[in-house]
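Please look through the sequence and the model shown here before reading on. The report is meant for someone meeting this structure for the first time.

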Amino acid sequence: MPHNFIKEDNREGRFSWRELLKHYFDIHPNTQDSSLIQESVKQGTIFKGVNLWALIGAIFIASLGLNTNSTAVIIGAMLVSPLMGPIIAIGLSVATFNLPLLRFAWKNFVLFVVISLVISAFYFFVSPLKEPTAELTARTFPTIYDVLIAFFGGTVGMISNGQKEKSNVIPGVAIATALMPPLCTAGYGIATGNISYFAGAMYLFTINTVMIAFASLAVSKFLLKMPILRYPNAKETKHVNRIVAIILIATILPSIYLAYTLVLRNVYEQQVNLFIKNELTENNIVVLSKKVSYNNRTVELYLMNSPSENQKKNLRKELSTYKIPKTTLVFKGIDELISSKQSNLNTEMQKKDLMITQLNDSLNKVSQLLHAKEREAVDQGKQNTLLAKQLNAISPQVVGVGVAAISATSSNTSSEICILIKAKEKLPPATKKQIERFAQIQYPQKKVTVIFN
C-alpha cells in the first residue's frame with residue numbers, strides 16, 4: 001500500500017480511507033484555471049457562427065430521425081446539438097453569482113429553444129409523414145429515471161468542462177442527456193396539434209434542462225470550487241436557494257408520480273401474463289393474442305379453443321387472486337382475431353393510400369408549375385419573335401429583341417417591362433423615340449424601359 005494511504009499516528013499506524021478516496025477521486029490536479037473554465041463555458045453559449053449552424057443542423061437531423069424512426073440519426077443529432085452549452089452556463093453563473101453570464105446564457109438559451117421549436121414544427125408541418133413513430137412516442141412519458149440520467153449526465157459534463165485535457169466524455173453525455181429529440185418532439189406536437197405529445201416532450205426537455213443546470217451548479221460550487229464573482233448577502237443567498245429548491249421540487253415531483261404509474265402498469269401487465277400462463281396455458285386453452293389496457297382495466301383474450309361458460313366464470317373469479325382489481329375479462333375467438341387483424345390492416349392501408357395521395361398531389365402541383373413555366377417561356381419566345389419582326393419593320397437595323405418582366409413587389413404581378421434592343425449600328429434619336437412609343441403601345445398597363453445596345 002502506498003505511503004500516502006497510511007495515516008501516521010504516534011500510537012499506531014492505521015490505513016487511511018480518506019487518503020485512498022482522495023487519491024482516486026480528486027479532480028483538481030487536472031482542473032484548468034477558473035477563468036479558462038468560465039471562458040470555455042461562455043464560448044459554448046454564444047448564439048452565432050458555428051453554434052448557430054450546429055443548432056440548425058441538429059434540429060433537422062433530429063426531426064428526420066424522429067420522423068423516420070431512425071435511432072442512429074437521432075443519436076447523430078444529440079452529438080451535434082449545442083443546447084447543453086447555455087444550460088451548463090446557467091448553472092455555473094448561479095454558483096458563482098455571475099449575473100452578466102446568467103443573463104447572457106438565459107437569453108441565448110431561450111433563442112435556442114424558440115428557434116428549435118419553430119424549425120422542427122415547420123418541418124413536421126410540411127412533412128407528408130404525420131403518424132407518430134416509436135421514437136416520437138418514447139419522448140412523451142418522462143419519469144424519475146430521466147431525472148437521475150440528466151443529473152448524473154450533467155455532473156459528468158461539467159466535470160469534463162473543467163479539465164485541461166478533453167476526453168470522449170462530452171459526446172457520451174450529449175447522448176445520455178438528450179435535449180434536441182424531446183424539443184423536436186414538442187415541435188411535432190405543435191405541427192400536428194397533439195397537445196399530449198407537446199406537453200410530455202416539453203416536460204422531458206424541462207427535466208433535462210433543470211437537472212443539467214443543477215448538476216452544473218453543484219459541481220461548480222462543491223467540486224471545482226469556482227470563485228464567486230460577487231459575494232451575496234444572507235438575504236440574497238436565501239432567496240436564490242429558495243428559488244432553486246422550488247424549481248427542483250416542481251420538476252421532480254411529477255416525474256415521481258409518472259414513475260409510480262409506470263411501475264403500476266408494468267406490475268399489472270406482469271400479473272396478467274402470470275394469470276394467462278397459470279390459468280389458461282397450463283389448462284390447454286391456447287391464447288393466440290391479447291390486448292391489455294391498464295387505463296380501462298380490460299383484458300381481451302383471443303383464443304384458439306373457447307372455454308365453456310362455467311370455465312369463463314371461474315377464470316373471472318380467479319383474477320382477484322392475481323391482484324388484478326376491477327378488470328373486465330373478455331373472451332374472443334379466432335374469427336374475431338382475424339377480423340381485428342383485417343381491420344387493422346385496412347386502417348394501415350388507408351393511411352398508406354392517404355400518404356400516397358398526398359405525395360401525388362404534391363408531385364402534380366410541382367408538375368403543373370413546371371408546365372406553366374414552360375408554356376410561359378414558349379409564349380414569351382413567340383412574343384419576342386413577333387416584337388422583333390415589328391421593330392425590324394420600323395428600323396431594319398434592329399436584329400434582336402429581349403423582353404424581361406420586372407416585379408416591384410413580392411407578388412408575381414410584374415409592374416415594369418424592360419426591352420433590350422440589339423441593332424447593327426447606332427440608331428438615330430428619332431428612330432429610338434419611335435421604337436419607345438411602339439413598345440409602350442404594346443404594354444399599355446406597364447412602365448416600359450427600352451435599352452439600346
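What follows describes a predicted model, beginning with its nonpolar cores and going on to two helices, a pocket and a few single residues.

**The nonpolar cores**

The largest nonpolar core has 48 residues, and those with the most contacts inside it are Leu83, Met158, Met180 and Phe205. Two or more residues of this core come from each of the helices H2 (34-43), H3 (50-68), H4 (71-80), H5 (84-96), H6 (99-126), H8 (144-161), H10 (180-192) and H11 (195-223). H6 gives the largest share, with nine residues. Apart from this core lies another one of 17 residues, among them Leu387, Leu391, Ile421 and Phe438.

Met180 shows what such a position looks like in detail. If its neighbours within four places in sequence are left aside, Met180 is in contact with Leu55, Ala58, Ile59, Ala62, Ser81, Leu83 and Ser116.

**Helices H3 and H5**

The 19 residues of H3 should span 27 Å at 1.5 Å a residue, and the end C-alpha atoms of this helix are indeed 27 Å apart, which agrees. Buried residues of H3 are Asn51, Ala54, Leu55, Ala58, Ile59, Ala62, Ser63, Gly65, Leu66 and Asn67. In an α-helix there are 3.6 residues a turn, so residues three or four places apart point the same way. The cover over the buried residues of H3 includes H2, H4, H6, helix H7 (134-137) and H10.

H5, with 13 residues, reaches 19 Å from its first C-alpha to its last, close to the 18 Å expected at 1.5 Å a residue. Because 12 of the 13 residues of H5 are buried, this helix is largely enclosed by the rest of the structure. The buried residues of H5 include Met84, Gly85, Pro86, Ile87, Ile88 and Ala89, and further along Ile90, Gly91, Leu92, Ser93, Ala95 and Thr96.

**The largest pocket**

About 620 Å³ of space lies in the largest pocket. Its lining is made of 24 residues, of which Ile90, Val94, Ile243, Val244 and Ile247 are the closest to its centre. At least two lining residues are supplied by each of H5, H6, H11 and helix H12 (234-280), and H12 gives the most, with seven residues. By type, the lining of the largest pocket divides into 17 nonpolar, five polar and two charged residues.

**Positive phi angles and a partly exposed leucine**

The table gathers residues that take a positive phi, together with the place of each.

| Residue | Phi | Place |
|---|---|---|
| Asn69 | about 65 degrees | just after H3 |
| Phe97 | about 55 degrees | just after H5 |
| Lys225 | about 50 degrees | loop between H11 and H12 |
| Arg297 | about 55 degrees | loop between strand S3 (287-293) and strand S4 (298-303) |

Are Lys225 and Arg297 exposed or partly exposed? Lys225 is exposed, because its relative accessible area is 56% and the cut-off for this class is over 50%. Arg297, at 26% relative accessibility, counts as partly exposed. Neither Lys225 nor Arg297 is a glycine, although each has a positive phi.

Leu99 has its place in helix H6, and it is partly exposed, with a relative accessible area of 36%. The C-alpha atoms of Leu99 and Leu83 are separated by 20 Å, and these two residues are 16 residues apart along the chain.

Note on methods. Residues numbered from 1 in each chain as written. Predicted model: local features only at pLDDT ≥ 70, side-chain atom pairs only at ≥ 80, totals over all residues. Heavy atoms only, no water. Core = buried A, V, L, I, M, F, W, Y, C linked by side-chain atoms within 4.5 Å. Buried < 20%, exposed > 50% of the residue type's maximum accessible area, 1.4 Å probe, protein only. Helix = DSSP H or I, 4+ residues; strand = E, 2+ residues; numbered from the N terminus. Contact = heavy atoms within 4.5 Å. Expected span 1.5 Å × (residues − 1). 1 Å grid on protein atoms, 1.4 Å probe; cavity = no way out; pocket = protein on both sides within 12 Å on 5 of 7 lines; lining within 4 Å. Points joined across faces, edges and corners; volume = space filled by probe spheres on them. Nonpolar A, V, L, I, M, F, W, Y, C, P; charged D, E, K, R; others polar.
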